[in-house]
Structures are given as structure tokens and as C-alpha cells.
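Grab a coffee and have a look at the model below. A few short exercises follow, each with a worked solution.

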Amino acid sequence: MSRTTTEAARVVSVAAGVEATDQMASARDSRHEALAMLIGNWINEGQTIGTAEIPSVPILTSDVYEWTPGGFFVVHSAFGKIGDTSVGGVEIIGVDGAAYASTFYDSFGNVHRSRLEIEGDLLRWTGDRTRCTVTLAGGGMTQVARHESSADGVSWTASMDVTLRKVA
């Protein structure tokens with residue numbers, strides 16, 4: 001591999017291996033550090049919002065948020081029950097320009113993409129058909145989450161209310 005005087009052989013992307021580039025590897029900043037409030041093990045309890053056709057059922061899940069190697073992304077693993085149904089999934093959260101991107105892969109084969117906004121102790125995930133507003137409380141040890149869903153992306157209905165408590 002030939003190099004010019006301004007290029008050096010370095011890794012700036014794991015998928016590319018070593019390459020000749022003048023690009024520096026990314027550096028973590030305050031946007032990444034803002035995600036630290038999620039890191040930990042959480043127990044999630046709540047219920048779905050019942051309707052005239054569908055009764056409310058309890059929700060109990062375990063949620064783990066942890067840094068990926070390098071600390072640029074957060075991996076969120078969840079598993080538990082909604083009513084009698086076993087549920088779970090994996091979410092990847094990362095910085096995407098000035099905002100945050102979230103992709104959640106659920107245990108039914110669905111992929112949910114959303115934008116995450118963080119404003120102090122308030123977090124908002126907004127997707128095409130689902131959204132969630134979380135308020136951090138108790139010194140960051142509690143997340144109070146209100147989930148909504150939409151059949152058309154215009155009209156929104158409350159779907160779940162849950163409280164996550166940090167256990168580790």
C-alpha cells in the first residue's frame with residue numbers, strides 16, 4: 001500500500017480494516033455522554049392501555065442498557081412478558097448528526113426505527129407508528145415511560161404506561 005505524506009495507515013472503520021487515510025478516528029463527545037443516563041439494568045413494570053375491544057394486561061420486562069466497545073453506541077436488550085406473551089428485542093442507539101437514531105429489532109421479526117431526542121431529564125423516541133416519552137426521576141434511578149401508537153401516523157393513542165427502576 002503506498003502512502004502520501006499526508007496519509008497514514010490507520011483503522012477508522014472496523015469494517016474497512018487498515019486503510020491509507022488522513023481521516024482521524026471519531027472522538028466521543030457530550031452527545032455520547034448524554035446517553036450514559038440509560039446505562040444499567042432496569043426492571044420494567046406497567047400495563048397496556050385497554051380499549052373497549054382489548055383489555056389492559058400487565059407488563060413485566062428486564063431491560064439492560066450497555067455501551068458497545070468504544071462507547072459510541074448503546075445496546076439495549078429487553079425480555080419479559082406482555083400479558084401471557086413472551087416478548088423481547090434488541091435496540092441500538094447512536095448519535096446521528098445533531099440527533100440520535102434508534103433501531104429496535106423485536107422478537108416478532110419487526111424493525112422499528114425512531115429518532116431519539118434528549119432534553120435534560122426528558123427523552124422522546126419518535127417513529128412512524130410508535131413513540132415514547134420518558135421522564136427520568138429519582139436522581140436517574142427511575143424512568144416513567146408513556147408509549148403511544150398510530151395506525152396512520154397522524155392520530156396517536158396511548159398504548160402502554162411503564163415504569164423502569166434501575167437495579168444495577
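## Strands, patch and core

Strand E11 (residues 142-149) and strand E12 (residues 157-166) pair in the antiparallel sense, with eight bridges between them. Keep in mind that this is a predicted model.

**Exercise 1.** Find the residue that stands opposite Glu-148, then work out what closed arrangement E11 and E12 belong to.

*Solution.* Start at Glu-148 and look across to E12: the residue facing Glu-148 is Ala-158. Now zoom out. E11 and E12 are part of a closed barrel of 10 strands, in the order E3-E4-E5-E6-E7-E8-E9-E10-E11-E12, and the pairing is antiparallel. Going from one strand to the next, the twist averages 25°.

**Exercise 2.** Decide whether Ile-92 is buried, partly exposed or exposed, and say which surface patch includes Ile-92.

*Solution.* First, place the residue: Ile-92 sits in strand E6 (residues 85-96). Next, check its relative accessible area, which is 33%. Buried means under 20% and exposed means over 50%, so a value in between counts as partly exposed. Ile-92 is therefore partly exposed. Finally, look at the company Ile-92 keeps: with Phe-73, Val-90, Tyr-105 and Val-111, Ile-92 forms a nonpolar surface patch, and together they have about 390 Å² of accessible area.

**Exercise 3.** Which residues touch the most other members of the largest nonpolar core, and which strand supplies the largest share?

*Solution.* This core has 18 residues, and the ones touching the most other members are Leu-35, Leu-38, Ile-93, Leu-116, Leu-123 and Trp-125. Then go strand by strand: E4 (58-67), E6, E9 (122-127), E10 (130-137) and E12 each give at least two residues to this core. The largest share is from E10, with three residues.

Key:
Residues numbered from 1 in each chain as written. Predicted model: local features only at pLDDT ≥ 70, side-chain atom pairs only at ≥ 80, totals over all residues. Heavy atoms only, no water. Pairing = 2+ DSSP bridges. Helix = DSSP H or I, 4+ residues; strand = E, 2+ residues; numbered from the N terminus. Axes fitted to C-alpha atoms, helices over the stretch in contact; angles between N-to-C directions. Patch = residues over 30% accessible without salt bridge, like charges linked within 9 Å, V, L, I, M, F, W, Y side chains within 5 Å. Areas by Shrake-Rupley, 256 points an atom, 1.4 Å probe, with all protein chains shown as cover. Salt bridge = Lys/Arg side-chain N within 4 Å of Asp/Glu carboxyl O. Buried < 20%, exposed > 50% of the residue type's maximum accessible area, 1.4 Å probe, protein only. Core = buried A, V, L, I, M, F, W, Y, C linked by side-chain atoms within 4.5 Å.
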